[in-house]
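Welcome to a short guided tour. Keep your viewer open and follow each stop in turn.

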Amino acid sequence: MRTNISLEEALDILLKENKQTEPIHVPLLDSLGSVLAEDILSDMNMPPFDKSPLDGYAVRAEDIQGASQEIPVTLQVIDFVPAGYVSSQKLEKGEAMRIMTGAKIPEGADVVIRFEDTDFTEKQVRIYTPLCSNSNISKLGEDMKIGDVVMKKGMLIDAPEIGILATLGKSFVQVYRKPRVAILSTGDELVDIQDVLTDGKIRNSNSYTIAAQIKKIGAKPLMLGICDDGIESIKEKLKAALSWADIIITTGGVSVGDCDLVKEAFQQVGAEMLFWRVRMKPGTPIAVAKYENKLLFGLSGNPAAAYITFEQFVRPIVLKKMGREKYKLMKVESVLESSFSKISNQNRFVRANTYYRDGKYYTQFPSKHSSGVLSSLSGTNSLFYIPAETGPYKEGQKITVQLLDYPEVLK
């Protein structure tokens, strides 16, 4: 087991061990937020015919070439073509058809003039501007053609992709299964959130924070509740979860105290320890083990430490496991609007609020930084990484921050 390793080494170990989930077929709307596990080829032309992209009049370009504001061209309106209908008539010289958005271009027409650019009655339309052939016409196959690869394996499915799949008649889609992530909080001091607090007890907030982080990135959190500081109790919960979970996350019990039994429990259920302790603050005592193709993460019981180590180590693994190719946090250069007076003796993450104004990013720090202070996470959206032996940082200085709300920008 490696100990006291760097952030980079820890993440490299994890990414090498991570295995992707298997492809499954799901109903179309259930695929939202999943990663496509197959190439999608078009079996149709879209649009399937030349159509009008706007409301107006279908005309022949040669009939309106001399049109001007002073001398408009007047055409006879011979038909009305709403969307979903096809005119049975062919447009001849000196004729026009009223046409609505999405309707098929009638035979003989090669231009559509917007309503706003005409004066019209029920039987005639006056046109003031000449347009060349094929103006304001969406051509057959302009969006996609038969045989086109319109979506590639590995794409994240969002609302536009749902629309494309619906256009192609895909009621079921093959995607990578969203990982099942089990969450277990350990500690004799913990009670559930609906329980009355007694002296020496605190509510189990970590499970809910981490479950929300998992849900936010599209995986499936399953909370195992609370386990006391007894190795047999921890082992029992782990063994049960290993039968169905892809990833197990525990909080608490990973430091060097007498009650910190998670590492031992990992090993006693048959998991191989990959590393323990990473050179960072908060979250130094993270422990990670491997059981077959599953990863077990032992995070600190301190709320901010658990939150930050999740973002640095668990989040990219969950995203990669569910098929995402982009899983690193976006980094931007920002102007510091607070000061950080300490010279850090170890690598440190400071939570922050970063916003964009007048072409630049600006970052502010909360007043509290302790790893046990949960309230300092509220309202933050970024992390400032301070390498060991650097600082202090002063107001107005340029820094680089990680944006927590943009998790898939960089590989």
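Switch on the surface of the protein chain: about 20000 Å² is exposed, with carbon and sulfur atoms supplying 49% of it. Accessible areas here come from the Shrake-Rupley method with a 1.4 Å probe, and for residues only the protein chains shown count as cover. This is a predicted model, where local features need pLDDT of at least 70, side-chain atom pairs count only at pLDDT 80 or more, and totals for chains, interfaces and linings use all residues. Residues are numbered from 1 along each chain as its sequence is written, and side-chain values use heavy atoms, leaving out hydrogens and water.

Now look beneath the surface. Of the 411 residues in the protein chain, 47% are buried (buried means under 20% relative accessible area, exposed over 50%, partly exposed in between, with a 1.4 Å probe and protein chains only).

Next, select N18. Is N18 buried or exposed? Its relative accessible area is 8%, so N18 is buried. You will find N18 in the loop between α1 (7–17) and β2 (23–27); helices (H or I, at least four residues) and strands (E, at least two) are DSSP runs, numbered from the N terminus.

Add I317, K320 and K321 to your selection: leaving aside neighbours within four places in sequence, N18 is in contact with these residues (contact means heavy atoms within 4.5 Å). Zoom in on the side chain of N18, where a polar atom lies 3.1 Å from the backbone oxygen of I317.

Finally, go to helix α3 (residues 206–216) and pick out Y208. Y208 counts as partly exposed because its relative accessibility is 35%.

Terms used
Polar contact = N/O pair within 3.5 Å; in protein donor to acceptor, adjacent residues only side chain to side chain.
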